[in-house]
Amino acid sequence: MGYLPTDPANFASEAIDGFAAAYPRHVRRIDGGVMRLAPIPSDQVGVVVGGGSGHYPAFAGLVGRGLAAGAVCGNIFASPSAGQVVRVGSAVERGAGLLLTFGNYAGDVLHFTLGAERLRRQGIDVRIVTVTDDIASAPIDQQELRRGIAGGLAVYKVAGAAAEAGLPLDEVERLARKANGRTRSLGVAFSGCTLPGADQPLFEVPSGRMAIGMGLHGEPGLSEGPLTEAGPLAALLVERLLAERPADVPEDQQRLVVLVNGLGCFKYEELFVLFGAVNRELQGRGVVMADCECGELVTSLDMAGVSLSFFWLDGELEGFWNAAADSAAYRRGQLAAESDGPQQPATQRPEPELPSEPPTQPAPLTPEQEALLARFKAVEEELQERVEELGGLDAVAGDGDHGLGMLRGIRGARESAIGACGRGCGPGEALMEAGEAWSDHGGGTSGALWGGALLAAGQSLAQATEIGPNDVAAAFGAALQAVIDLGQAAPGDKTMLDALQPFCLQLRADLDEGLDLAQALQNAANTSLAAATATADLLPQRGRARPHGQRSLGHPDPGAMSLAYCLLAASAGYVGLHGVADPAQAS
Ligand code: ADP
Ligand code: MG
């Protein structure tokens, strides 16, 4: 895709700038995405949608009255960062809490979850509803694993209407969940899409074939078959979706919203041909088509493909689905006149724990702070050395960005830790800020996990009055728990967990044996490196590497190796948080 030469690095943000300029009656550009232009009444729940760019009208096109209050816009096909989620969330929050709703993709889940935690620490009630409508991505009994595609419109529309009606957060969340539970989609792809600046498509479908159930980013689907005419294609899609009728809907009382969605290159007349075939296919099945849409709802750049979604209505959902809405890409009905009041300023609450006024003369660093910053410096130097090695390991079965992602993460984290210490924050608070910076700068799955781990470790340390060996072990334990909670990996899944868990176990055991902290840390780091190296024998069960599992046999997991290198660098020369081995190392 792409006819105009552009800088791929700026493409997504330039597209969002231009979108906001093109729809000045609907949205305004804010840091992290867009928010609706119409004033948000106080005490209205803020519905925030979002995800990677490249899917217009999802997500920015769905921001407006009766729909989303804001959209968090990531890079092309990449999750937005937790920081973006925080910035958009605080801009649209009006005292009634936030509902974050987005497609169920690992990166989005991680970053939105971390963003939600940070917003909660500002005292905001935040709920998350992930969209899981794509029936090709997991069986019905594992619905929570399914990814989100065009059926997301039903969830965003119902949530937005419920918020506009002034319902409390509990209700907005309940209705969004209910809408998601009654929405199913299935798509087919005829050809892949090409990222801006790339000369090869991201994925391909052999010509003359169609991939049934292929995901928006080329994720494998159900099967591949020869191209068919509209009739048989409609029959196949309708058959599969009706077979998944929600359990509480009687067969002869089905009222459906039918959505036919073009993915980018499958244009309107062809969509109408398919819609006609779907309509015929539904006749005589006891199904009432209560409403419908036929057009581009969620695209995938210039991918040629189409999807069909069914949303099973009931009385209350039908009311919210039919309610008036006005966004750049979706309008219906007549909204009540807006109040004339000026745009209520966003309540951008400062994130806590930052002292409001930095001291004019920075206080000299305490030994604890110096020790912490020296560890950051050592880890950054280690990662700088390892960028290519880690990138190479990630290229075996992933996307090759792990070395650079880790370097961006540690640089952002270290800078933030230096700033925090300069303002007089203790190690716990400095680590918390470093975690936020890591997830904002590092990106990717590992960025979110490292961010969450440092945040949890910092929270744990911040509770200790004087940091001793047990507090350090507890902080590592908290980091481990955060990685498990966020990533949902199990030991043996070939992830960074396989290096972190042995580290924590060894550290605890050595401290219990009476070893001093410096020695215990060093031992544990060595154990971690051995465990990371041994992941070469494992098959990846999580993350991007999973579909290419066999290829990664014989190569260790990049995230496990980088973690072990960081732990080794951080523990080398460790003499406790009350002193530094070599003060010259401190930054
Ligand atoms: P991305 O996969 O988004 O490109 P990176 O390349 O930076 O992110 O990081 C990949 C590493 O992240 C993997 O090698 C693995 O160690 C780790 N990882 C991926 N998914 C998970 C998960 N669910 N839990 C724990 N670690 C994970
Ligand atoms: Mg990667």
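These are my notebook entries on the two ligand sites of a predicted model.

**Ligand 1, surroundings.** I began with the residues around ligand 1, of which there are 19, and I noted that T445, S446, G487, M496 and D557 come nearest. Sorting this shell by class, I found eight polar and six charged residues, together with five nonpolar ones. I then looked up which helices take part, and found that helix 12 (444-462) and helix 17 (558-571) each supply at least two residues of the shell. Helix 12 gives the most, with four residues.

**Ligand 1, polar contacts.** I next went through the oxygen atoms of ligand 1, and recorded one that lies 2.5 Å from a polar side-chain atom of S446, a residue I had already listed among those that come nearest. For H402, an N or O atom of the side chain is 3.0 Å from an oxygen atom of the ligand, whereas in G559 a polar backbone atom is 3.0 Å from a ligand oxygen. On its own, ligand 1 has 570 Å² of accessible area, and the protein covers 94% of that.

**Ligand 2, the magnesium ion.** Which residues coordinate the magnesium ion? I found D394, D399 and D401, each through an OD atom, at 2.0 to 2.3 Å. Along the chain, these donors follow the spacing D-x4-D-x1-D.

**Accessibility of two donors.** Finally I checked whether D394 and D401 are buried or exposed. I entered D394 as buried because its relative accessibility is 10%, and buried means under 20%. D401, with a relative accessible area of 37%, I entered as partly exposed.

Conventions. Residues numbered from 1 in each chain as written. Chains lettered and ligands numbered in written order. Predicted model: local features only at pLDDT ≥ 70, side-chain atom pairs only at ≥ 80, totals over all residues. Heavy atoms only, no water. Near = heavy atom within 4 Å. Polar contact = N/O pair within 3.5 Å; in protein donor to acceptor, adjacent residues only side chain to side chain. Areas by Shrake-Rupley, 256 points an atom, 1.4 Å probe, with all protein chains shown as cover. Nonpolar A, V, L, I, M, F, W, Y, C, P; charged D, E, K, R; others polar. Donors = N, O, S within 2.8 Å, 3.2 Å for Na, K, Ca; no water. Buried < 20%, exposed > 50% of the residue type's maximum accessible area, 1.4 Å probe, protein only.
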